[in-house]
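Me: I am new to this structure. Please pick one part, look at it closely, then link it to other parts worth a visit. Short sentences, please.

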Amino acid sequence: MSSDSSIIVDLSGGDRMRRFLSRRPSLRLLAAPILLLAAFTVVGLMTDWIDWNTSKNCAVDKSSLSSAKFNSQREIRQRDEAGPNGATAHWREDSDRAYARSINESSFSSSRADVCRSVTASRADIDTMDVYPTLNFQPEYMRRRDFWDSSLEKRYNDYRKDKTRPPLKVVVLPHSHVDPGWLKTFENYYAQSTHSILDNMVTKLTQHKNMTFIWTEIAFFALWWESALPAKKRQIQKLVEEGRLEFTSGTWVMVDEATPHLYSMLDQMIEGHQWLKSRLGVSPKSAWTVDPFGHGPVAPYLLHAAGLQNTVVQRIHYGWKRWMADRQVSDFYWKLPWETPGRDSVLCHNFPYDIYTTKHSCGPNPKTCLGYDFRNVRGEYNEFTMNSATITRTNIQSKAEVLLEQYAKTGSLTRHNIVLALVGDDFRYDHDIEWDQQYTNYQNLFNYINARKDVYKTEIGFGTLTDYFEAIRGRVDNFPTVKGDFFPYADIFSEGRPAYWTGYFTSRPYYKMLARELEDRLRGAEILYTVALNRARQNALRFPTARRVMDHKYGALVQARRWLALFQHHDAITGTSKTAVMQDYGQKMFQALKDAVNIASSSASILLSADDDEWKRFRLLPALRRPTYDKLAQKTTLDLAGTDQTEKTVILYNSEAHHRDEMVRLKTSWPYIRVLDPDGNKIKHQVNPVWTLQHHQRLEPAPESFQLVFIASLAPLSLTAFRIQRVHAPTDSNDVKTLVYSTFDNTTLNGPFKSQRLEQLVDIQVENRKIKLLFDGQSGFLKSIRSKTTDRLTPCAMQFAAYPSSMFHSGAYLFMPDANAIDPQIDVLKGFNGKPQIFIISGPVMSEVSVVYSQLLVHSTIIFHKKLEDLIWMETTLDMGPAPNFREHEFFIRFKTGLQNVDPVNGTAEFFTDQNGFAFARRVRHSALGVEANYYPITSAAFIQDEKQRLNVLVNSAKGFTSLEKGWMEFMLDRRTIHDDGRGMGEGMTDNLPTVTPFVLMLEDRKGNGDEVNKLSLPAAFASTRLMYPAAAFIVDIDEAEQADFIARSRVLFLNQPLPCNIHLVGLRTLSEPGLAEAELPSNSALLTLHNRAIDCSLTNDLALCGAVDPEDRVFYPGTSFIGLDLDKVERTSLTGLQTTGLADFDSARLSLMELGSFNLTFV
């Protein structure tokens, strides 16, 4: 072949892969093979549902569907009378009818842009996006680390003379901040501190009749409650009834607000609230969130939707602290970016000073406030004991007046002159003597001050958090409103210069990924468990053993919830705990992951079985499993190479309530395969080679190991069986060999492959029917994307590099590049020893370009044929090896595109980041600030856009993201910092583990400007959901002689029709039996949580089988019901299920646009 010619390789179905060869030596190709991708199931293009306009023709008869629901109880009795075979036949017939309905596109109208509903942007007195650029980032007070200056002093003195000013009121709040893991593990903290705190709390609050206390972390309290004596439990209940012990937030942990995803944030809240309600009958009123490193609007929204009215924030940017102090914005209503008709917002208090300690809360002078921390425990010598002075008759006047001056200065920062003063710190009150010291000294001060109201004009005493909010509501009618968030957080109190807490957005990415995997598996297991449990109960004669087993497994399910909830703690998912503590979290999540998979497997087995006897004859084995918590997931091999078994059955579980096409990847020991769907139809598939990286860093084919790829069509909320059959040789002429091109020797490949070595490859182009991708031949990275629809070429050059860390200033919490480095970025691949290895795979299902830079980096790009063609799937595996390799490196991926994402006001880059997977925030690059100040958290998606296009990056775990220049988008992969950053952890981050980072690019055409509320398009929203919740694969472990009987139940659906395309199933979890003090047993009720997602109307939102949004905000299609299950009642509840707001049914259930809502389903 001519070296300057362009060669086209024809593929099945007209798909092509082009490779451009050139003689230019400067553009010679560096080649790299693909390392076997960790088993994943790629996001499928989603389909949706029916037009809500009932005046249009629709094949679904609403009345017949409704009557079917009312007749379900009679049908169940008839099925039981018919025996196992009859009941199974009915179940299968119902599933078949539901599946037929789900794929009957003529019965449903496609969603159209002209019916896209816009969302009204909220209006607020303060928009943080507008105010943030105006903050004083280099204030004159920075060196002294104290924002109190002459202007604030003048206002304070003026207020002292103002007789119309309301009198000072001080609510003194004792508290103890207890991290469920940080420098010690959860259990160690409990044994060494928290157990004593709680014991002392009961004793001392009972003794000191007017002292108060708050408690937040239910994780610790639940552990204490398990071993508490009945007398202490009764004392707790009495203290709660008296209003002196308040459970604030009621959440399992004090959750981080930047890095968790919506599901995990809500799930830990449900766990805590349900525990409190069942044991103590408590529904929290106020939230206590003083230690997350920055604050966003999602947590306040969830709290308010759960029934709470108040919350607090503490750690916000030092510039915000002064701005709010100047304007007396001490309390505000926190609004969402969109209007929520008929709903109030949560009232939020902003603590004016740095942190939640006594030293930093009584007033602007920390040294003065330190003198009012009266802890003095024998054997301790610290700043508390050095400054502690007991209140006596001789010093009480001076001590009272000095303290009142600090309180009054704090009061001058408010309009209402009410101060919330804290007495506490980390793990305080662990010694009983401290309770006496704090109470006695403060009570003496209170008595002295309150007895002289004519002199001091002050009311002071112990109180709770809710006491404070009730007091300020009594004085102020119209609090200001705020919308937006408070990221990034920055402090100056450590060194007198700005320190940005943006490193933790990415720190310990392996654990962040493990937590997201657990979230996926737990969510799926919860749904399966709820359906299987109630099927076994409602068919008790056929499933007596299964029913008992499901009751027994509930304890493991609850524990899995709690281990996931524990990791949402603001020093866990952030990656800001010591190495040993992070390992402990990892082991807990690993156990939870195994339990979730086991419960999902058992539940699915019940749903696929006719009775107990059949259920006992087979098992479902996960197709993907982890050997240990710190190892990457491994695929289970489908062993078809032997002669004893020629067929395997794989069950795919779709936990989404919508139809989806799913890319499935399995590992087999035999290359010649036939794949059959549940109806016996042959499915187009592709077999790829599997490569191993040998000790000499060369890629070689793995012996007897192949990757099977096919696209599965999955019904909504279903279990679907696919048969994988061994054939002796490719005898079918329709089978197409997989093309394999590589820059290394691939002649040893055995199987259905057509291989060729590439010697002089420069640029690589792969394409499907919608897009063409061009890759740089030397790096193996993406260069550009061309849309075949518009023929528009979009530069999209990928760069892999690292920032050099500033020693002692960049660590687990902080991110700060080294300003003194020779180069602001490290080209980590420039000095790579040897050429990278590139290989290209192309077949009828997908095409892939992969590059391997030895052990350090494996990067793959995949596009799909026939289905899923809008998606550009990428996966990066980063392995730094042991420390000190790559010390002080902060790795990132950057895309340099042609998009003109310019903010019209300041001319810098504009970009959009998600907020916990629930909302989006508009960001603007602040050119006067460093890179570290322009990083923001993402948990599911980010995008840049101009008038013509939008480029989305979809991720499945938290990362830091930014856009530093026009057309750029960048996110961080991993960080290794040898030194501590001075924020308390006491060590660097050197425990990096090999981490796989999957992400998806979607380039979309815009057709106008959307509304002010930023959202994803419908295809992007579905792609994001599928990336986070891929279909789970199970391998059927059963004798081949019984395969035929098993295949008879090859498709099981849970609902008789899907949810509308705008409704996302957040979760369905079985609730615990109420009234049980100790053991957790499952009730017949489950909490269903749904999200009515709005979509961006400026983008194409056409999806097959996707119906228009209901103008009346209904969340179910008329006549929706569970297949084979009977419901007793449906109740609308608060978000965590504590409060019932009214009876409902599926036909009448409503959620306003963008609303999250919960329903209590009670099964018969």
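Reply: Contacts and cores

Begin at L1090. Setting aside neighbours within four places in sequence, L1090 is in contact with L1059, I1063, H1064, L1065, V1066, V1115, F1116, L1151, E1155, L1156, G1157 and F1159. Keep in mind that this is a predicted model.

Which residues touch the most other members of the largest nonpolar core? L1090 is one of them, along with F221, W320, Y407, Y442, F800 and F895. That core holds 265 residues. There is also a second core, separate from it, with 31 residues. Among its members are F722, F744, F839 and I841.

Now the sheet. Four strands form an open sheet with mixed pairing. Their order is β18-β20-β23-β22. Why do β18 and β22 each have one side without a neighbour in the sheet? Both stand at the edges, β18 at 637–638 and β22 at 685–693. Each has a single partner strand, so one side of each is left without a neighbour in the sheet.

Look closer at β20, which spans residues 660–668. Is β20 mostly covered or mostly open? It is mostly covered, with eight of its nine residues buried. On one side, β20 and β18 run parallel and are joined by two bridges. On another, nine bridges join β20 to β23, residues 699–714, and here the strands run antiparallel.

Individual residues show how the strands line up. K667 of β20 is the bridge partner of T637. K667 also stands opposite Q707 in β23. Further along, E662 faces a β23 residue too: it stands opposite A712.

Next, a loop residue. T251 sits in the loop between β6 (245–247) and α8 (262–280). Is T251 buried or exposed? It counts as buried, because its relative accessibility is 5% and the cut-off for buried is under 20%. Its contacts beyond four places in sequence are T216, E217, I218, Q268, M269, G272 and H273. The C-alpha atom of T251 is 7.4 Å from that of I270, although the two residues are 19 apart along the chain. A polar atom of the T251 side chain also lies 2.8 Å from the backbone oxygen of V253.

Finally, the rings. How many aromatic pairs are there? The count is 62. One pair is F971 with F999, set edge-to-face. Their centres are 5.0 Å apart, and the planes meet at 75°. This pair links distant parts of the chain, 28 residues apart. F971 belongs to strand β42 (residues 968–976), and F999 to strand β43 (residues 995–1005). Both rings' residues, F971 and F999, are buried.

Ring pairs also build a cluster. It takes in F293, F487, Y489, W501, Y504, F505 and Y813.

Other rings have a charged partner. K399 lies over the face of Y372, at 4.3 Å from the ring centre. R452 lies over the face of Y448, at 3.8 Å from the ring centre.

To retrace the route, go from L1090 and its contacts to the sheet of four strands. Then visit T251 in its loop. End with the pair F971 and F999, and with the lysine and arginine, K399 over Y372 and R452 over Y448.

Technical notes:
Residues numbered from 1 in each chain as written. Predicted model: local features only at pLDDT ≥ 70, side-chain atom pairs only at ≥ 80, totals over all residues. Heavy atoms only, no water. Buried < 20%, exposed > 50% of the residue type's maximum accessible area, 1.4 Å probe, protein only. Contact = heavy atoms within 4.5 Å. Polar contact = N/O pair within 3.5 Å; in protein donor to acceptor, adjacent residues only side chain to side chain. Core = buried A, V, L, I, M, F, W, Y, C linked by side-chain atoms within 4.5 Å. Pairing = 2+ DSSP bridges. Phe/Tyr/Trp six-rings, centres within 6.5 Å; stacked < 30°, edge-to-face > 60°. Lys NZ or Arg CZ within 6 Å of the ring centre and 35° of its normal.
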